[in-house]
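Please open the model in a viewer and keep the selection panel at hand. The tour below proceeds stop by stop, stating at each one what to select and what is found there.

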Amino acid sequence: MMVPAAAATAAAATAAPSGLGPYPGSWAVYVHFPFCLHRCNYCDFATVAHRDPPRERALAACLAELSLRCEGLSPAPIRSVFFGGGTPSLWGAPAIGAILAWLDRWAGLDADCEITLEANPGAAEEGDLRGYVTAGVTRISLGVQALSDRRLRQLDRIHDADAARAALATLGQLRREGGLRAASADLIYGLPGQTEAELRSDVAALLDHGLSHLSAYALTIEAGTPLQGLVARGLAPTTDDGHQAAMLELMPQLVAGHGLQRYEVSNFAVPGSECRHNLAYWRGHHYLAVGVGAHGFLPCTLPGALGVRTANTRSVAAWFEALEAGRLAEAPREVTTAESHLDEWLLTGLRLRDGVDLGAVAVRFGDEVAVALVQAALAVPGLQTVGGAIAVEAAAIVRLDDVIASLAGSVSRRLQSARAAKRRAARGVGVG
Ligand SMILES: C[S@@+](CC[C@H](N)C(=O)[O-])C[C@H]1O[C@@H](n2cnc3c(N)ncnc32)[C@H](O)[C@@H]1O
Ligand code: SF4
């Protein structure tokens, strides 16, 4: 499903108060909880290890940030809320409930609002998970990562496979009871030494729990992490791109028997259970984001601007200090123009099975860009045009970055030459 051009036009035309906007017809909201019981050695997310995180203080700061950020924003209905981290399943149901109540008072949560909570085995017991569902959570994304103790130790996780299985069983139970609408798990693949048989067995065991969604990420050795330090000193093996690409290619086949299909390079769902919140990011919609290190994309009326990017500090201390003094803790805002936005739009949109919708491109960037995109797509191997959209062929997903780079380069060259021709025509030279 892509954004229909007519709907996008209608959304763009929505008037906003106080000169801000144009506004989306609905909001997606991200809320970050920046604490974990332990910091896994591969992770570079904005989080710090804390045995007893300051839940109340984080709630007060988060509500303060919401008040500051929403001043002057148009309160369109909220279609998705995502509590990410860090480990937001440590926050407690009262905090999650208080944030949802605040958002409901501000703009109204849609009746079928998707409300996701990231949870970790070992940091969410059965009673906790049930409490979150009672507080309004409709979707839980469980960070399983692997289902063997050996691989979990290799990943420096604090939980074992039994804890992961127990949490998965609870999700199954909550879904059967009807309170939880969707259950997802995160898996990390391509660990040094991991075999395809292990991946096969982990995926099958995970999906046997009746999950409606699976995210599978290749282990990335992030700069500045303890894992990168170990690899650099030869104390841990590094990953192998070919090994990871082979596993990525295998994934659709491993999930198919459980009714899941790939809808984004790393994400698989039972049709209809795709993550609405992440789709909003990948389709380039505006969204509001609060919390340590959170990045948002707000509407903006400056001439030529498509939106404004906001980026909060990654320092927990600076975030608390600013909000407790009544101000935001963000970097200077960055205005996104059509030029800067197009590459990003292609980079995320082409990760989707349904690709980039040409009607939406025409609405956001103009007909000239949509035409250049179609012409460029015809010339770049690995791309196809389907139902008014441009998408990457399944067989080309393993070389996605190269395909996107070729497409972006070709679009840019075509636009430059089309614009140069226009300028020449306007001056009355070189035509014919
Ligand atoms: C923001 S993390 C939070 C999830 C949760 N705290 C957990 O760890 O279970 C979201 C997901 O990103 C993935 N991830 C984080 N760092 C990664 C890395 N270096 N390589 C691959 N996947 C990574 C993991 O699958 C993780 O579940
Ligand atoms: S992977 Fe999850 S649990 Fe581990 S440090 Fe990162 S956010 Fe925390």
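## The two domains

In this predicted model, the centres of domain 1 and domain 2, taken over C-alpha atoms, are separated by 31 Å. To display the division, colour residues 8-282 as domain 1 and residues 338-432 as domain 2.

Next, turn to the place where the domains touch. Here 12 residues of domain 1 are in contact with 10 residues of domain 2. Which elements of domain 1 give two or more residues to this side? Select helix H1 (5-13), helix H9 (241-256), strand S9 (261-264) and helix H10 (276-282), which are the elements that do so. Sorted by class, the side of domain 1 that touches domain 2 comprises 8 nonpolar, 1 polar and 3 charged residues.

## Ligand 1

Select ligand 1 and display its surroundings, a shell of 16 residues. The closest of them are Tyr42, Gly143, Asp186, Tyr217 and Thr220. Then highlight strand S4 (78-85), strand S6 (139-145) and strand S7 (182-189), since inspection of the shell should include them: each supplies at least two of its residues. The shell around ligand 1 contains 6 nonpolar, 7 polar and 3 charged residues.

## Ligand 2

Move the selection to ligand 2. Which residues surround it? Four cysteine and arginine positions may be picked to begin with, namely Cys36, Arg39, Cys40 and Cys43. Add Phe45, Thr47, Gly85, Gly86 and Thr87, and complete the shell with Asn120 and Gly143. By class, this shell around ligand 2 holds 4 nonpolar, 6 polar and 1 charged residues. Gly143 has now appeared at both stops: it is listed among the closest residues to ligand 1 and in the surroundings of ligand 2.

## Helices H2, H3 and H4

Select helix H2 (residues 55-70) together with H3; their axes lie 10 Å apart, and the packing angle is about 15°. H2 and H3 are therefore roughly parallel to each other, as angles under 35 degrees count as such. Their crossing is right-handed. On the H2 side, show Arg55, Leu59, Cys62, Leu63, Leu66 and Cys70; on the H3 side, show Ala95, Ala98, Ile99, Trp102 and Trp106. The contact of H2 with H3 consists of 10 nonpolar, no polar and 1 charged residues.

Keep helix H3 (residues 93-106) selected and add helix H4 (residues 126-135). The axes of H3 and H4 come within 9 Å and cross at roughly 15°. H3 and H4 are therefore also roughly parallel to each other, and their crossing is right-handed. Ala93, Ile96, Gly97 and Leu100 of H3 meet Gly131, Tyr132, Thr134 and Ala135 of H4. In this contact there are 5 nonpolar, 3 polar and no charged residues.

## Helices H14 and H15

For the last stop, select helix H14 (residues 367-379) and helix H15 (residues 400-427). At what angle do their axes cross? The crossing angle is roughly 130°, and the axes come within 9 Å. That angle makes H14 oblique to H15. H14 passes H15 in a right-handed crossing. From H14, display Glu368, Val369, Ala372, Leu373, Gln375, Ala376, Ala377 and Ala379; from H15, display Leu407, Ser410, Val411, Arg414, Leu415 and Ala418, which complete the contact. The contact of H14 with H15 comprises 10 nonpolar, 2 polar and 2 charged residues.

Key:
Residues are numbered from 1 along each chain as its sequence is written. Chains are lettered from A and ligands numbered from 1 in the order in which they are written. This is a predicted model: local features need pLDDT of at least 70, side-chain atom pairs count only at pLDDT 80 or more; totals for chains, interfaces and linings use all residues. A residue is near a molecule or strand if its C-beta atom, placed from the backbone, lies within 6 Å of it. Ala, Val, Leu, Ile, Met, Phe, Trp, Tyr, Cys and Pro count as nonpolar, Asp, Glu, Lys and Arg as charged, and the others, Gly among them, as polar. Axes are lines fitted to C-alpha atoms, for helices over the stretch in contact, and angles run from 0 to 180 degrees between N-to-C directions. Helices (H or I, at least four residues) and strands (E, at least two) are DSSP runs, numbered from the N terminus. Angles under 35 degrees count as roughly parallel, over 145 as roughly antiparallel, 65 to 115 as roughly perpendicular and the rest as oblique. A crossing is left-handed if the near helix is turned anticlockwise from the far one by less than a right angle, and right-handed if clockwise. Two residues are in contact if their C-beta atoms, placed from the backbone, lie within 7 Å. Domain bounds come from an automatic or database domain assignment.
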